Amino acid sequence: MAPPHGVDGASLIRVQRPTPIAAVAWSPPRAAAALNAARTRWFELAVLAAALAGGGALRFVNLGGVGLNSDEAVYAAQSGSLAHNPHFTSMFPVVRAHPLLMQVALSVFYRHGVPDSAGRYVGAAFGLATIALVYVLGRVLYDGRVGAIAALLLAVMPYHVAISRQILLDGPMTFFATASLVCLALAARTGRGRWLVAAGGCLGLAALSKETAIILLGSAFVFLSVTNRMWRPVRFPLFGAALAIGLALTYPLLTAVAGGSRSGQSYLLWQLSRTPNHSFAFYLTSVTASIGYVLVAVAALGLFLRRPLTWRETLLLSWIVVPVLFFEVWPVKGFSYLLACVPAVAVLAARVLAHAPRTTRPLGGRLVVLAVSVACIVSLLVPAVRGVVRQPTAGLAGAGGTPGGRETGRWIAVNLPADAHLLTIGPSMANLIEYYSGRAANGLSVSPNPLHRNPSYQPVGNADAALRSGRFQYVVWDVYSARRSPTFGDRALTLERRFAGRPVHIERDGGGRKLVVVYRVTATPARRTASAPRVSAASITTSRSTDSPPVRQPNSAVIYVGYGAAVLLALASLAWATPAWRRRRRRTSAGGQ
């Protein structure tokens, strides 16, 4: 039934929000579009809810199932030292190889005792927040459908899940880097140059989480160079770059003011002179497999099939290519180094999965697209769930926990004297022993060359002489370090046999395999015999070695104030770029006048 009209054709009845029945009766095309929009909106909300719920479960469930690994122990102990926890201040310096934004956030949880997995919940929260940001990124660049699917892909991605479940700096760094990417997308879409300044503020916080994020400044300038219209007016990109660099320089400036400049310079020199630790194909094999071969293939195929490329694809490709090329050339290749790229990969893949069903007309083509979408999600979900149920405990540094480290450290804290000194295969187990037990430990594999070792680690120049003099009373063998460094694993066993080692503690996995063995050794080399008496570990009272220099801690108040000011400055740049904030400010000014 048509609505009544007047003489001049004007409608006598105006319906502000027509019901679906009235819309169908009066305007079938508009009603169909409204119904399709409603269905699309419900689809977006359902997928986003599944992404947040599933991503939260994959990141928060069973976080304490495996003890900390070496990197986690160092970052958690830095937080404890920053909070003046006496268990950590004597062994773990606050100023080490990386900035301290994450450690400042964690320090409230490590003020007392020896907390274990509390920091993992903070890392998981950053991971979950990144999923929500990826939805915003996809919505800004394309539409809500792409954003929701991208969030779902990131939520079940094994690479992002594994790193989000650990106390690592890459999770917070990726969150702030993704926020910077959203600001760049808003700047390109709206033409407002203030979003470039906000992007610089977010990128500065990413660099304060982990210094390698400053490489993404190159990605931003590559994008700006390709889309040169965004250089006008030039003050906005220059202010954004200056803000990012200025915030990144907060770390060395604060460490200098707080009294840790010498330590910071030593760590910088070590980072620049480190030897290669993986082959050239490491990222292509190990990291790409964790991201998902099907996901990467879908994202890459979409770039060839859906042409021409727009500024949106240029932005995402710049965000991916520059870091990948840099870390491929850089000798040191870490498992978590490419995490900041995966939000862009997820959006590129979601762009294909979200739009292909609309453009594929034949039913067979749509079924193929649906099958590819299911295969992509399942190929990510299965290994992600497997990683949560059976958490990785050996292999790549940063990919999981260290088997038996927590249990061994806690046993040592209860059963060995406070002045005991232990010799481990490498610094990884030494860090865990010092973290959980507070006993001093040194690694055999630490290089005597200052350019090739972490300044926090002290080398063992002559292990035979050190054992003969009684400097070490225990030798610790662990399967994780032995797999990474078989030569020094065999060396530890040789020393154990040479100095009449006797196992005083053995940590095993569920299958009965040895994970960690603590050997009590004697100062005089001797052949171990079956009749040799067992020495009680609790009866040893040797003096602790004093050859390691005392740990000098910087002024924590300076670090807290400086990092707080940096965060407020970045938030101010975001508020300055937000149109709603500017409108409220104008209304307030007008009301005052």
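A crossing of two helices is called left-handed if the near helix is turned anticlockwise from the far one by less than a right angle, and right-handed if clockwise. Keep that in mind for the first stops.

Before you start clicking: this is a predicted model, where local features need pLDDT of at least 70, side-chain atom pairs count only at pLDDT 80 or more, and totals for chains, interfaces and linings use all residues. Residues are numbered from 1 along each chain as its sequence is written, and side-chain values use heavy atoms, with hydrogens and water left out.

**Stop 1: α11 and α17**

Select residues 216-226, which are helix α11, and residues 311-329, which are helix α17. Helices here are DSSP runs of H or I with at least four residues, strands are runs of E with at least two, and both are numbered from the N terminus. Two packed helices are described by the angle between their axes and the distance between the axes. For α11 and α17, the axes come within 8 Å and cross at roughly 145°. An axis is a line fitted to C-alpha atoms, for helices over the stretch in contact, and the angle runs from 0 to 180 degrees between N-to-C directions. Turn the view and you'll find that α11 passes α17 in a right-handed crossing.

Now show side chains. On the α11 side, pick L216, G218, S219, V222, F223 and V226; they meet W311, T314, L315, S318, W319, V322 and P323 of α17. Contact means heavy atoms within 4.5 Å. Colour this patch by type and you get nine nonpolar residues, four polar and no charged. In that scheme Ala, Val, Leu, Ile, Met, Phe, Trp, Tyr, Cys and Pro are nonpolar, Asp, Glu, Lys and Arg are charged, and the others, Gly among them, are polar.

**Stop 2: α6 and α7**

Next, select α6 (residues 118-141) and α7 (residues 144-155), whose axes come within 7 Å and cross at roughly 150°. The two helices are therefore roughly antiparallel to each other. The cut-offs are under 35 degrees for roughly parallel, over 145 for roughly antiparallel, 65 to 115 for roughly perpendicular, and oblique for the rest. Here, too, the crossing of α6 past α7 is right-handed. From α6, the residues to highlight are T130, I131, V134, Y135, G138 and R139, and from α7 they are G144, V146, G147, A148, A150, A151, L154 and A155. This contact has nine nonpolar residues, four polar and one charged.

**Stop 3: salt bridges**

A salt bridge is a side-chain nitrogen of Lys or Arg within 4 Å of a carboxyl oxygen of Asp or Glu. By that rule the model has eleven. Let's visit some.

Zoom to R406 and D116, where the closest N and O atoms are 2.6 Å apart. R406 is in helix α20 (residues 405-415), while D116 is in the loop between α5 (101-106) and α6, 290 residues apart. Is R406 buried or exposed? It counts as buried, at 9% relative accessibility. Buried means under 20% relative accessible area, exposed over 50%, and partly exposed in between (1.4 Å probe, protein chains only). D116 is buried as well, at 10%.

Move on to D170 and K210, with closest N and O atoms 2.9 Å apart. D170 lies in helix α9 (residues 170-190) and K210 in the loop between α10 (194-209) and α11, so the pair ties together parts that are 40 residues apart in sequence. Both of these residues are buried.

Then pick D464 and R498, bridged at 2.4 Å, N to O. D464 is buried at 13%, but R498 is partly exposed at 36%. Setting aside neighbours within four places in sequence, D464 is in contact with R491, L495, R498 and F499.

**Stop 4: a few loop residues**

Select G67, in the loop between α2 and α3. G67 is buried at 4% relative accessibility. Which residues does G67 touch, not counting those up to four places away in sequence? They are E72, R120, G401, T402, R406 and Y436. G67 and G401 are 334 residues apart in sequence, yet 5.9 Å apart in space, C-alpha to C-alpha.

In that loop between α2 (28-60) and α3 (70-82) you can also find N62. N62 is not a glycine, although its phi is positive, about 55°. N62 is partly exposed at 42%.

Finish at A500, in the loop between α24 and β4 (502-508). A500 also has a positive phi, near 55°, in a residue other than glycine. A500 counts as buried, at 15%.
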